[in-house]
Amino acid sequence: MNSAVEIFSQKGFQASTIREIARLAGVNDLTVYRHFESKEKLFSEMFQRHTLLSEIGSLVVRGINDDFAHDTRSLIVAFLAIFKREMPIIRLLVTEAEKMSECKKYAAMFTENIIEQLTQFLRYYQQTNQIRSKVNCQAVATSLYSTLFVHIYSMALYGDVVVACDASSEESMIDGWIDLYVSGIVVEEYASV
């Protein structure tokens, strides 16, 4: 599967061949065809088996330690690390979603599930009175996800040209996001970030 992600993300679905994927994986073409029957089935199975969604979902659940600012920062840092590590699949989603229904479906499901997980994370803190009761948690979750994804999207499309970000400038950007998302929605007594 890693070979398929790598080849598809480098060349796109149309330009990729089973032969290239098999060669990179160190197996015979027939071996790939026995398991997947076609390039389309391999592509579909690749998304079904990918763990990015479940990994991020479990991260959100594990990320609750009753300190909203700290937990939000931890989630942002972890999301960015996972997205960067999984850049080939992200790049594939970005470049192929418009052309391929399988990518579009996966991207939509991925986005919907992550926003739901983030919404539940925010609602937990709303129930513990650390976030104002009138905050629309789904809107904030959508905005947070969008902020993170646009950053990763820029990296996927433009690489180091646009996002030449060293550790200190990324940390500064995260500080800005924390200020926006934490100070902007918390109950005043928790606003000392």
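Arg 85 is partly exposed, its relative accessible area being 46%. In this predicted model, Arg 85 forms a salt bridge with Glu 86, and the closest N and O atoms of the two are 3.1 Å apart. Glu 86, by contrast, is buried, because its relative accessible area of 15% falls under the 20% cut-off. The bridge thus joins a partly exposed residue to a buried one.

Side chains of opposite charge can pair when their charged atoms come close. The structure holds seven salt bridges. Salt bridges with shared partners join Arg 73, Glu 171 and Asp 175 into one network. Within that network, the side chains of Arg 73 and Glu 171 meet at 2.9 Å, N to O. Arg 73 belongs to helix H6 (residues 68–85) and Glu 171 to helix H10 (residues 167–183), so this pair ties together parts that are 98 residues apart in sequence. Both ends of the bridge count as partly exposed: Arg 73 has a relative accessibility of 23%, and Glu 171 has a relative accessible area of 36%. Another salt bridge is formed by the side chains of Glu 20 and Lys 11, at 2.3 Å from N to O. Lys 11 counts as partly exposed, at 40% relative accessibility.

These bridges are set in a chain of ten helices and zero strands. From the N terminus on, the elements accordingly run α-α-α-α-α-α-α-α-α-α. The chain has 193 residues, of which 44% count as buried. Among its contacts between residues at least 6 apart in sequence, 69% join residues at least 24 apart. The accessible surface of the chain comes to about 10500 Å², and carbon and sulfur atoms account for 51% of that area.

Helix H1 (residues 2–15) offers a starting point at the N-terminal side, with Ser 3 as one of its residues. Ser 3 counts as buried, at 14% relative accessibility. Leaving aside residues up to four places away in sequence, Ser 3 touches Ile 21, Leu 24 and Ala 25.

Helix H7 (residues 87–96) shows burial on the scale of a whole element. Seven of its ten residues are buried, so helix H7 is largely enclosed by the rest of the structure. The buried residues of H7 are Met 87, Ile 89, Ile 90, Leu 92, Leu 93, Val 94 and Glu 96.

The aromatic residues form a further theme. A pair of aromatic rings is described by the distance of the centres and the angle of the planes. With ring centres required to lie within 6.5 Å, the count comes to 14 aromatic pairs. One of them is formed by Tyr 106 and Phe 110, which are stacked, with 6.2 Å from centre to centre and 25° between the planes. Tyr 106 and Phe 110 both lie in helix H8 (residues 101–127), four residues apart, or about one turn of the helix. Both of these residues are buried. A second pair is found in Tyr 145 and Phe 149, whose ring centres are 5.8 Å apart and whose planes lie at 20°, so this pair is stacked as well. Tyr 145 and Phe 149 are four residues apart in helix H9 (residues 137–158), and about one helical turn therefore separates them. An α-helix has 3.6 residues a turn, so residues three or four places apart point the same way. Tyr 145 is buried, with a relative accessible area of 4%.

Both stacked pairs belong to a wider arrangement: ring pairs link Phe 79, Phe 83, Tyr 106, Phe 110, Tyr 145, Phe 149 and Tyr 153 into a cluster. An aromatic ring can also be followed at Phe 13, where Lys 39 lies over the face of the ring, at 4.5 Å from the ring centre.

Tyr 153 leads from the aromatic cluster to the surface, where Tyr 153, Leu 157 and Tyr 158 form a nonpolar patch. Together these three residues have about 290 Å² of accessible area. Tyr 158 has its place in helix H9 and counts as partly exposed, at 48% relative accessibility.

Notes:
Residues numbered from 1 in each chain as written. Predicted model: local features only at pLDDT ≥ 70, side-chain atom pairs only at ≥ 80, totals over all residues. Heavy atoms only, no water. Phe/Tyr/Trp six-rings, centres within 6.5 Å; stacked < 30°, edge-to-face > 60°. Helix = DSSP H or I, 4+ residues; strand = E, 2+ residues; numbered from the N terminus. Buried < 20%, exposed > 50% of the residue type's maximum accessible area, 1.4 Å probe, protein only. Lys NZ or Arg CZ within 6 Å of the ring centre and 35° of its normal. Patch = residues over 30% accessible without salt bridge, like charges linked within 9 Å, V, L, I, M, F, W, Y side chains within 5 Å. Areas by Shrake-Rupley, 256 points an atom, 1.4 Å probe, with all protein chains shown as cover. Salt bridge = Lys/Arg side-chain N within 4 Å of Asp/Glu carboxyl O. Contact = heavy atoms within 4.5 Å.
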